[in-house]
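Please walk through the structure shown below, beginning with one strand and moving outward to the sheets, the core and the loops.

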Amino acid sequence: MKILSAFLLMMLLFATIGCDQTTTTPEDIDPGYLVINEFLASNDTTNSDEYGEFDDWVELFNGKATAIDIGGMYISDAVADLTPWKIPTNDPTSTTIAAGSFLILWCDKEPEQGTLHVDIKLSNEGESIILWESDATTLVDSLNFGPIDAGISMGRLLDGGNTWGTFLIPTPGSTNEISSQL
Ligand SMILES: [Ca+2]
Ligand SMILES: [Ca+2]
């Protein structure tokens, strides 16, 4: 009887997961984490910034139950960068990510265009993205990626989850579109 109950429970669990693939489940998220959730390393036509420029971007996702202000954190495209870019601290309205929400950082090396324009660019030949806490030492999240075609984004299949994929339809600032996975 116990075995049967366990079997039914397993079946119910699989059925639940199977029906709900586009929703991030608690098991997929480490609640302590702010993560790099998606990025577009070569942006030709997907989306443009406030200046009409189709620049590269990194999407962050706050999987915590509380808002996070990323002002003061550091970002770079190289692990050994001795002068990573400090995200400005004077514009918390722009740099605060609500619980369960997303934020786009434009990787255009044009910080004069606004708080969320960082002094790095991404290469679609492959490189790294690293985000540090405001002590410039504690790692928030990082990844390495290889060559990727223009207009194709890479991201977590479930927002905040551990498994990465490539997406035909990038989703800057919103839930990753698992149905467009390549
Ligand atoms: Ca720009
Ligand atoms: Ca997204």
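Is strand 9 largely enclosed by the rest of the structure or largely open, and why? In this predicted model, four of the five residues of strand 9 are buried, and the strand is therefore largely enclosed by the rest of the structure. One residue of this strand is Ile-129, which counts as buried because 22 C-beta neighbours lie inside 10 Å, where 20 or more are required.

The surroundings of Ile-129 can be followed through its contacts, which, leaving aside neighbours within four places in sequence, are with Ile-36, Phe-39, Val-58, Asp-77, Ser-142 and Leu-143. Ile-129 and Ile-75 are 54 residues apart along the chain, and their C-alpha atoms are separated by 7.3 Å.

Strand 9 belongs to an open sheet of four strands, in the order 5-4-9-10, with antiparallel pairing. Strand 5, residues 85–86, and strand 10, residues 139–144, stand at the edges of this sheet, each with a single partner strand, so that one side of each is left without a neighbour in the sheet. On one side, strand 9 (residues 128–132) pairs with strand 4 (residues 74–76) in the antiparallel sense over three bridges; in this pairing Tyr-74 has Trp-132 as its bridge partner, while the partner of Ile-75 is Leu-131. Strand 9 is also joined to strand 10 by five bridges, again in an antiparallel arrangement, and here Ile-130 stands opposite Ser-142 of strand 10. As a rule, the side chains of a regular strand alternate between the two faces of the sheet.

The hairpin formed by strand 9 and strand 10 has six residues between the strands, and Ala-136 has its place in this loop. The backbone of Ala-136 deserves a look, since this residue has a positive phi of about 60° although it is not a glycine. Ala-136 is partly exposed, with 14 other C-beta atoms within 10 Å. A second residue to examine in this respect is Lys-109, in the loop between strand 7 and strand 8, whose phi is near 55°, a positive value in a residue other than glycine. Lys-109 counts as partly exposed because it has 15 C-beta neighbours inside 10 Å.

The other sheet to consider is an open one of six strands, in the order 8-7-2-1-11-12, with mixed pairing. Strand 8, residues 117–118, and strand 12, residues 164–167, stand at its edges, and each has a single partner strand, so one side of each is left without a neighbour in the sheet. Within this sheet, strand 1 and strand 2 pair in the antiparallel sense over six bridges, and Phe-39 stands opposite Val-58 in strand 2.

Which residues of the largest nonpolar core touch the most other members? Of its 28 residues, these are Phe-39, Val-58, Leu-60, Ile-75, Leu-105 and Cys-107. Strand 1 (34–40), strand 2 (56–62), strand 4, strand 7 (102–107) and strand 9 each supply at least two residues of this core, and the largest share, five residues, comes from strand 1. The contacts of Leu-60 give a view of its setting: leaving aside neighbours within four places in sequence, this residue is in contact with Leu-34, Val-35, Ile-36, Asn-37, Ile-70, Ile-97, Phe-102, Leu-103 and Leu-105.

Turning to the chain as a whole, there are two helices and 12 strands, which follow the pattern α-β-β-β-β-β-α-β-β-β-β-β-β-β along the sequence. Of the 182 residues, 29% count as buried. Among contacts with a separation of 6 or more, 57% are accounted for by residues 24 or more positions apart.

A last point concerns the confidence of the prediction. The mean pLDDT of the chain is 87, and 82% of the residues reach 70 or more. Over residues 6–29, however, pLDDT stays under 50, and for this segment the model has 14 contacts beyond four places in sequence. Where pLDDT is low, the predicted coordinates should not be read in detail.

Terms used: Residues numbered from 1 in each chain as written. Chains lettered and ligands numbered in written order. Predicted model: local features only at pLDDT ≥ 70, side-chain atom pairs only at ≥ 80, totals over all residues. Pairing = 2+ DSSP bridges. Core = buried A, V, L, I, M, F, W, Y, C linked by C-beta atoms within 7 Å. Buried ≥ 20, exposed ≤ 12 C-beta atoms within 10 Å, placed from the backbone. Contact = placed C-beta atoms within 7 Å. pLDDT = per-residue confidence, 0-100.
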